[in-house]
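Student: Please take a close look at one part of this structure and work outward from there. I would like the packing, the contacts and the surroundings set out in order, with the criteria stated.

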Amino acid sequence: MDVYFFLAKAVIILLIFGITLLIATYSTYAERKVAAFIQDRLGPNRAGPWGLLQPIADAGKMFFKEDFIPANASKWLFIAGPSLAMLTACLTSCVIPFGGTLDLSFLGISELVPVQGIDVNIGILYVFGLVSLGVYGVMIGGWASNNKFSLLGAIRAASQNISYELAMSLSIIAIIMMTGSLSISQIVADQDSFYKWNVWRQPVGFIIFLVCAFAECNRTPFDLPECETELIGGYHTEYSSMKLGFYLFAEYINMFVSSAVISALYFGGYHFPGESLVAGLMPAGALGHNLLTLMGILVFFGKILFFIFFFMWVRWTIARFRYDQLMNLGWKSLIPLSIANILVTGVIILFLNS
Amino acid sequence: MQLTSRAKRVSNKKLSLGERLYLPAIVGGLGITIKHFFRKKVTINYPEEQRPMSSVYRGLHVLKRDEEGRERCTACGLCAVACPAEAISMVAAERKPGEEHLYREEKYAAVYEINMLRCIFCGLCEEACPKSAIYLQSDKLAPSFFDRSDVIYGKDRLVQSMETIKTAKSLKSGLTTSDRYVDKVFKDGKY
């Protein structure tokens with residue numbers, strides 16, 4: 001552990017943070033483009049080539065809007081809400097392994113540097129902890145607005161997140177049992193060949209996790225906390241300017257993070273089919289190692305982008321669930337199903353080990 | 001009692017397990033949306049691309065001049081009578097000696113106004129005109145206005161400009177597309 005190691009880590013963390021924000025920014029653009037394409041339209045194409053400057057124009061608009069705080073709102077909490085949502089959203093991506101290790105021996109770093117913010121041995125717990133904190137941003141914002149629609153949205157968000165977090169964690173337990181580790185990098189390392197990807201080994205768990213990820217991100221078909229037709233925007237009814245921007249932006253960061261988590265837990269993270277074949281073709285030494293890691297990073301981002309697209313694809317396909325349907329699905333279907341999944345996984349593990 | 005052959009019997013049977021799973025239906029829906037994703041887009045990028053307009057489109061009115069540049073309108077008022085929206089009003093005047101190069105007939109419209117808020121662009125004025133003086137251009141739309149005072153179009157904005165007469169080599173090329181359409185219909189005998 002020398003100074004250079006820490007510097008390399010700092011650069012990686014800054015890069016991850018920057019890329020997270022960049023992808024979240026362009027997710028807003030992609031969302032509008034995907035929506036338009038699915039509806040046989042063209043989408044934003046006026047700001048810059050193919051409308052690529054649209055997110056910047058949107059952000060500029062957000063900044064110049066009046067930053068309004070309602071007279072009867074709890075002022076401090078009203079500001080704390082979006083800040084908390086943004087903070088928790090940004091914190092999550094630091095435990096996700098975006099690639100293998102980098103050999104930086106030419107900089108005098110003897111150790112291999114993993115392309116990951118921090119490799120904590122409870123990575124997956126950290127992610128779940130922060131995701132559950134994220135609902136506080138929505139709850140506080142909705143409550144502080146002193147508006148019935150906002151309060152309803154906040155209540156819905158809270159109950160929805162609590163219900164689906166259960167099923168989500170239970171579906172993860174099966175994977176943790178198989179890997180024997182809570183560290184995400186360990187889970188990714190365990191899926192080093194194509195047939196070992198967890199999506200093949202845990203198909204039911206994957207579907208449960210996917211559905212719960214949609215619910216946790218407040219995305220359609222589970223966008224009840226902010227449904228415009230019923231709650232005129234839900235918890236962010238009273239928000240304007242960049243506070244609203246923070247809420248919307250946090251949603252896209254959450255989408256990026258859940259896509260990354262799905263790819264890491266179920267789709268082999270930075271591993272790709274034929275990796276050992278490519279590794280044999282690479283030049284020996286640090287260069288080959290780093291090239292392979294770079295390819296892994298690109299593959300991982302490809303998977304993440306696919307899942308972000310999948311989130312949008314589903315959004316423009318499925319209608320919103322009713323509240324009772326949402327609760328029925330969560331408590332009566334997903335939770336029993338995930339418990340059954342754990343039992344079956346346990347039995348199989350026991351059978352294979354004996 | 002069967003009222004129509006298209007009536008559908010409503011079924012309240014319990015959903016089957018496959019239907020209650022939602023997933024097959026969702027996958028089917030995703031298939032439909034992804035098909036639309038790659039389909040040709042219907043949008044026309046308006047200022048750059050423009051939809052072709054019909055040759056018989058009824059756009060902004062024009063008060064025509066004849067081949068020598070004289071106003072054709074004789075202020076008979078038939079267009080105003082024909083107008084179902086009562087958008088046209090005019091004041092007639094007698095042509096003075098020495099004004100023969102300005103007006104084709106002895107009587108002309110000193111004031112000719114069309115209220116563009118009332119006009120419904122039906123083209124009945126064009127049909128009523130015995131002097132082929134008023135036409136609805138097929139290649140020019142009535143512009144939008146932001147002030148009520150811009151709404152009433154007088155002769156200053158209605159009469160065909162002299163430039164189009166000068167550049168026109170013959171009467172025919174000085175005509176609008178709707179004139180040409182009328183000519184063609186008459187020639188083909190399809191009226």
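Tutor: A residue counts as buried if 20 or more other C-beta atoms lie within 10 Å of its own, as exposed if 12 or fewer do, and as partly exposed in between, with C-beta atoms placed from the backbone. By this count Ser132(B) is partly exposed, with 14 C-beta neighbours inside 10 Å. The model is predicted: local features need pLDDT of at least 70 and side-chain atom pairs count only at pLDDT 80 or more, while totals for chains, interfaces and linings use all residues. Residues are numbered from 1 along each chain as its sequence is written, and chains are lettered from A and ligands numbered from 1 in the order in which they are written.

Ser132(B) sits in the loop that joins helix H4 (124-128) to strand S4 (134-136) of chain B; helices (H or I, at least four residues) and strands (E, at least two) are DSSP runs, numbered from the N terminus. Its phi is near 50°, a positive value in a residue other than glycine. Ser132(B) is also one of the contacts of Arg72(B), where contact means that the C-beta atoms of two residues, placed from the backbone, lie within 7 Å. Setting aside neighbours within four places in sequence, Arg72(B) touches Lys64(B), Arg65(B), Asp66(B), Arg104(B), Lys131(B), Ser132(B) and Ala133(B). From C-alpha to C-alpha, Arg72(B) and Ala133(B) are 5.1 Å apart in space, although 61 residues separate them in sequence. Arg72(B) belongs to the loop between strand S1 (61-63) and helix H3 (78-82) of chain B, and is partly exposed, with 19 other C-beta atoms within 10 Å.

The chain around these loops has 7 helices and 5 strands, in the order α-α-β-α-β-β-α-β-β-α-α-α from the N terminus on. Of the 191 residues of chain B, 16% are buried. Among contacts in chain B with a separation of 6 or more, 75% come from residues 24 or more positions apart.

Chain B meets chain A through 11 residues of its own and 10 residues of chain A. On the side of chain A that touches chain B, H1 and H12 each supply at least two residues. That side divides into 7 nonpolar, 1 polar and 2 charged residues, taking Ala, Val, Leu, Ile, Met, Phe, Trp, Tyr, Cys and Pro as nonpolar, Asp, Glu, Lys and Arg as charged, and the others, Gly among them, as polar.

These two helices also pack on each other. Helix H1 (residues 3-38) and helix H12 (residues 286-315) of chain A have axes 10 Å apart, at an angle of about 45°; axes are lines fitted to C-alpha atoms, for helices over the stretch in contact, and angles run from 0 to 180 degrees between N-to-C directions. H1(A) and H12(A) are therefore oblique to each other, since angles under 35 degrees count as roughly parallel, over 145 as roughly antiparallel, 65 to 115 as roughly perpendicular and the rest as oblique. Their crossing is right-handed: the near helix is turned clockwise from the far one by less than a right angle, whereas an anticlockwise turn would make it left-handed. Ser27(A), Ala30(A), Glu31(A) and Val34(A) of H1(A) meet Ile308(A), Phe309(A), Met312(A) and Trp313(A) of H12(A). By class, the contact of H1(A) with H12(A) has 6 nonpolar, 1 polar and 1 charged residues.

H1(A) has a further partner in H10(A): the two axes come within 9 Å and cross at roughly 110°, so H1(A) and H10(A) are roughly perpendicular. This crossing is right-handed. From H1(A) come Thr20(A), Ile23(A), Ala24(A), Ser27(A) and Thr28(A), and from H10(A) Phe249(A), Tyr252(A), Ile253(A), Met255(A) and Phe256(A). The contact of H1(A) with H10(A) divides into 7 nonpolar, 3 polar and no charged residues. Of the 26 residues of H10(A), 23 are buried.

After H1(A), in the loop that leads to helix H2 (54-64) of chain A, lies Asp40(A). Phi of Asp40(A) is near 60°, again positive in a residue other than glycine. Asp40(A) is partly exposed, with 13 other C-beta atoms within 10 Å.
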